[in-house]
Amino acid sequence: MRFVRLGEPGRERPAVIDDHGLTRDLSALAPDIDGAFLEGDGIARTRRALTDGSLPVLDGKGLRFGPPVARPGAVICIGQNYAAHAAESGSEPPTRPVIFFKPSNTVVGPYDAVRIPRGSTKTDWEVELAVVIGRRAQYLDSPEQAIDHVAGYTVSNDVSERAFQLEHSGGQWSKGKSAATFNPLGPYLVPAGDVPDVQNLRLRSFVNGEPRQDSSTSDMIFSVAQLVHDLSQYLVLEPGDVINTGTPEGVALSGRFPYLRPDDVMEIEVEGLGRQRQALAAA
């Protein structure tokens, strides 16, 4: 079962792709796939509706894929959560999760164009596993409890402008992370129960068809459960919030690859969660 949102920006229709590959309309069940849907037991209600056959087939041919969760209240990002990526960035692996935020207006669909900001010289790609929160989480007692607050998982491209992030930063990373279109998300939201082992998923990225990143979530310094638990001690996670869990080695910041330019094409994928593709254009 894979949740999708289909249609033009701001007019997406909620849908689910069933186990037979048929796209089914969720509009009668919920107006959108958002925090209210997730908090209101929307995933379980969808399973029941698929079982009883009450969801009509939707012809999604030619429809744009939007981000699979609408209007996240927060996009919380984890920095340097893979030791090899920390090393290629010139840093020691963190002993506590490093966090930063992206505005929700960075979130676009998985096949939408990514705009290189004005003045950019170092726009970079980052394949990441994204966690979507399903239940309000605050002061959780343990990582084991934390995982019950996860609705599902999707693919995220934490696009970054390294000069803005590191040279113009004033000490923080947000300038390099916050440009419009800098967080393609999707194509699917896969329920947590449908992912057998979230800490053993292959992540890969490509630029113009050439491989860049190839790693596994098994190499995370802090697991999904640890991240949700840790974050809940400092902030309140709301249904529909997105956590980008960090990127592995193989980005342009390493010095091994050129930075992105207009007309380049990024492709990123996480095993079992789908594949994205974005063309680059000048803002």
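Student: What makes G53 notable just after α2?

Tutor: G53 takes a positive phi of about 75° there. This is a predicted model, in which local features need pLDDT of at least 70, side-chain atom pairs count only at pLDDT 80 or more, and totals for chains, interfaces and linings use all residues. Residues are numbered from 1 along each chain as its sequence is written, and side-chain values use heavy atoms, with hydrogens and water left out.

Student: Why is α2 called a helix?

Tutor: A helix is a DSSP run of H or I with at least four residues, a strand is a run of E with at least two, and both are numbered from the N terminus. Helix α2 spans residues 42–52, and so satisfies that definition.

Student: Which residues of α2 are called buried?

Tutor: They are G42, I43, T46 and A49. Buried means under 20% relative accessible area, exposed over 50%, and partly exposed in between (1.4 Å probe, protein chains only).

Student: How do you know that the buried residues lie on the same side of α2?

Tutor: The arc is that of the directions from the helix axis to the C-beta atoms. The buried residues cover an arc of only 120°, which puts them on the same side of α2. The face turned away from that side carries the exposed residues T51 and D52.

Student: What makes β7 and β18 a pair?

Tutor: Two strands pair if DSSP finds at least two bridges between them. Here 3 bridges join β7 to β18 (residues 274–282), and the two strands run parallel; therefore they meet the definition. In β18, L280 is the bridge partner of V114.
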